[in-house]
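Open your viewer and get ready to select a few residues at a time. This tour takes you from stop to stop and tells you what to look for at each one.

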Amino acid sequence: MEVLREKVEEEEAAEREARVEYPPRLEKMTKPPRKETATLTQEMLREMEQKLVEIEVPTLGEPPDKDTIDISTLPLSYKTNTPKEEQLLQVADNFSSQYSHLCPDRVPLLLHPLNECQVPKFVSTTLRPTLMAYPDLYNWDSCAQFVSDFLTMVPLPDPIKPVVLEEEKAPCKKYAIRPPRDLSSRFEQEQEMKRQAELKAAELKRLRDEEERLLEAEKMAPDPLHGLRVHAWVLVLSGKREVPESFFIDPFTARSYSTQDEHFLGIESLWNHKNYWVNMQDCWNGCKNLVFDLGDAVKWEYLLLGTDKPHLSTTDEEEEGVNDYDEDDVENLGKEDEEKSFDMPHSWVEQIEISPEAFESRCPNGQKTIQYKKAKLEKWAPYLHSNGLVCRLSTYRDLECTDLLEIQQWYRNREDKLELRHINKETGLNVDYFKPGHPQALRVHAYKSMLPENDRVMEFYESARVDGLIKREETPTTMDEYFLGRSDFLSSRHVKFGPRVKKVALNSPESNPRPVVKITERFLRNPEKPADEDVAERTFLIVEERIQLRYHCRDEHITASKREFLRRTEVDSKGNKIIMTPDMCISFEVEPMEHTKKLLYQFETMMQLKNEEKQCRHQAWESELEVLEILKLREEEEEAHTLTISIYDTKRNEKSKEYREAMERVMLEEHMRQMETQLDYLAPFLAQLPATEKLTRWQAVRLKDECLSDFKQRLIDKANLIQARFEKETQELQKKQQWYQENQMTLTSEDEDLYLSYCSQAMFRIRILEQRLNRHKELAPLKYLALEEKLYKDPRLMEFLKVFA
């Protein structure tokens, strides 16, 4: 405690005129005293003791809510202190007295607050490291998230002090003067109340009218308690478990912060389950310049000397100073340190036990609500809601959280793979996000209404679709589809619909499809084709009976070739059939080629485009059907909102429970079968003898031989049975193969599939029979010898068969 020693020397120099000498530390010394240090006299010690007694040590503690804690069920360690704990409290009081005397301008230390039973307990003994069986608690981030979910933040009554003692109320007096009679007018009181209500309503209206202006002009006002508020943080020191540098953890938000963060204004003290340290460094620049070397006694004053803590390496001068002492002084000093050393008592709290149900629920009672500025966050345990809802974030426009803007809802364990839903209350837009695995490969679905032929956007997982569709945008009159990774290099398709011809109550692609007016397709560049023959955009103007083509642009060119086909009537005015005329194809070519000018080429191209137009119209119709199918499926999923349950969750998974029960029944049946097989094997043979007749040696030998002979015959019969089945299956397979060779040329594909399936099953049965036969041949002699040994050890035959053993 060299810092305290230097502070004492400074105070002595400053108050030398008053002739007041402040004592150095008494209970512990980190280094041996120098020879030049003045020796304390008995009078000085008595004077110092008198001053320390006069210093009042504040006791911090707030009785907990008795309604929520049943102290009768708590163990004895919660209600009483052991002698070692009492000694620790005395050490802490002595330490606090010296600290308050030497540092009167600093706040009192939090050393031994009251616990649930209003018993003072040292803060270090409230910590009990426990190894849990959950892998999520092995890393700091997931462990901090678990703690933050379980904790609920309650503001302190006094933000400057960690705990405040309740003030004792004055007892009611038995005799008191009766108050004078109230002579005020009730009518005047009612009129005053009405006037106050009107003023209050007018003031409330004025505040509401100016709320937006005040929010915009809102600025951070000077905080009168800046740097005085008290908060608890977790400090993770570097060194162990591959922690490169020290950092802080906020236990209420589970967020990590650097020790250089500007939000941290200072540290009063820190502790773990082994010791308690007081920060003796200047915090004028927050925590940016703090050194977190707890072995440096100049920067961190520790409470207990005998605990494990890192020590700084001593310099050569310090080592020389130590060597100047006499051997007797060193021995006496070592004995003094041994007497003053004191280890931290064991923790008085019970070992942490977290059941799987409590670990899964996280929050108390499985739910938690956190109120933010203009926002509210709600959390629930998995499977608490039947629709899989686990988290909801609501954002509001006003500070009172009455005008809702948007909602974000997170789901888990949904069978439809729904993960997140974003609801915008202003625009009415809903956006659903899905994890991989949806039956329709749906990834995102943005919509305002679930009715068909409305504004919506669907995004898909392209790796799960054969057609490579990644996005589909739909409006009442259009549909745009975007593709990726197609072999035909199609990148997008735009479909424009017209009004329906007939009006029906139910408009659907099946009963009354919308007429397609225009289809536009865009293609990526195909490097295997010339640019003038590689179509970049293809437009089918169905009503106008026109087809427009735009080809890719050549390298180092600024224009691209274009071609337009006009579909006219196939018969002229005289009744002659028109196949192709030059005016039915209008072309613009960057570099004209001879074969493109021929009518045959243009006719073949137009015929191919007509077929492709039919296919495009069919694809548009299928897309409408798919949208209708997806909407119908989504409605069914929202109504059912079935949740998936892991096979390892034996409490919720009914199939797993049924399977486990079935396995238990099978094991019970197997056990019963084994018990039946272990019945008395001599009972059938003993039944042949008279019940009153005593067994003789000759009869015992005959029983043994008959039992072994019967067992041997049963082994032979079993082998013959397996052999007969094996031969039968082999013969039937040979006959089937012979039939196939004879009728191979006239068999249909279905007959060949049936033949192959039969051969596969027959070969499987033959292999199984062969394995059973070989295993029976191997185990039969062993079973025979085992039965023979049992017969020799049977208590009914053992006396008669000793001679033959």
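**First stop: a small sheet**

Select Ile249 and look across to E3, where its bridge partner is Ser256. Keep in mind as you go that this is a predicted model. Strand E2 (residues 247-249) and E3 run antiparallel to each other, joined over 3 bridges. Now add E1 to the selection: you have an open sheet of 3 strands in the order E1-E2-E3, with antiparallel pairing. Strand E1 (234-236) and strand E3 (256-258) are at the edges with a single partner strand each, so one side of each has no neighbour in the sheet. Turn the view a little and compare directions: neighbouring strands here are turned by 30° against each other on average, direction ignored. As general background, strands of a sheet pair through backbone hydrogen bonds, in either a parallel or an antiparallel way.

**Second stop: strand E12 and its partners**

Next, select strand E12, residues 430-434. Is this strand mostly covered or not? It is mostly covered, as 4 of its 5 residues are buried. Strand E11 (residues 418-424) pairs with E12 in the antiparallel sense over 5 bridges. Strand E13 (residues 442-447) also pairs with E12, again antiparallel, over 4 bridges.

Zoom in on Asn430. In the pairing of E11 and E12, Ile423 stands opposite Asn430, and Tyr447 in E13 stands opposite Asn430 too. The hairpin of E11 and E12 has 5 residues between the strands, and there Gly428 takes a positive phi near 75°.

**Third stop: two loops with a positive phi**

Which residue other than glycine has a phi near 70°? Select Tyr383, which has that positive value. Tyr383 belongs to the loop between strand E8 (375-380) and strand E9 (389-396). Its relative accessibility is 23%, so Tyr383 counts as partly exposed.

Then move to Glu556, another residue that is not a glycine but has a positive phi, of about 65°. Look for Glu556 in the loop between strand E20 (546-551) and strand E21 (562-566). Glu556 is exposed, because its relative accessible area is 84%.

**Fourth stop: aromatic rings**

Show the side chains of the aromatic residues. How many aromatic pairs are there? The count comes to 13. One of them joins Tyr134 and Phe359, stacked at 4.2 Å centre to centre with 5° between the planes. This pair links distant parts of the chain, 225 residues apart: Tyr134 is in the loop between helix H4 (83-102) and helix H5 (140-150), and Phe359 is in helix H10 (residues 356-361). Both Tyr134 and Phe359 are buried.

Trp271 and Tyr276 make another stacked pair, with 5.6 Å between centres and 10° between the planes. Trp271 is partly exposed at 31% relative accessibility, whereas Tyr276 is buried at 0%.

For a group view, select Trp233, Phe248, Tyr257, Phe264, Phe292 and Trp300, which form one aromatic cluster.

**Fifth stop: charges over rings**

Go back to Phe359 and add Arg362: the charged end of Arg362 sits over the ring, 5.0 Å from its centre. Then select Phe460 with Arg465, which lies over the face of Phe460 at 4.7 Å from the ring centre.

**Last stop: cysteines**

How many disulfides does the structure hold? It holds 0 disulfides. Finish by selecting Cys117, buried with a relative accessible area of 16%, and Cys759, buried at 13% relative accessibility.

Terms used: Residues numbered from 1 in each chain as written. Predicted model: local features only at pLDDT ≥ 70, side-chain atom pairs only at ≥ 80, totals over all residues. Heavy atoms only, no water. Disulfide = S-S within 2.5 Å. Buried < 20%, exposed > 50% of the residue type's maximum accessible area, 1.4 Å probe, protein only. Pairing = 2+ DSSP bridges. Axes fitted to C-alpha atoms, helices over the stretch in contact; angles between N-to-C directions. Phe/Tyr/Trp six-rings, centres within 6.5 Å; stacked < 30°, edge-to-face > 60°. Lys NZ or Arg CZ within 6 Å of the ring centre and 35° of its normal.
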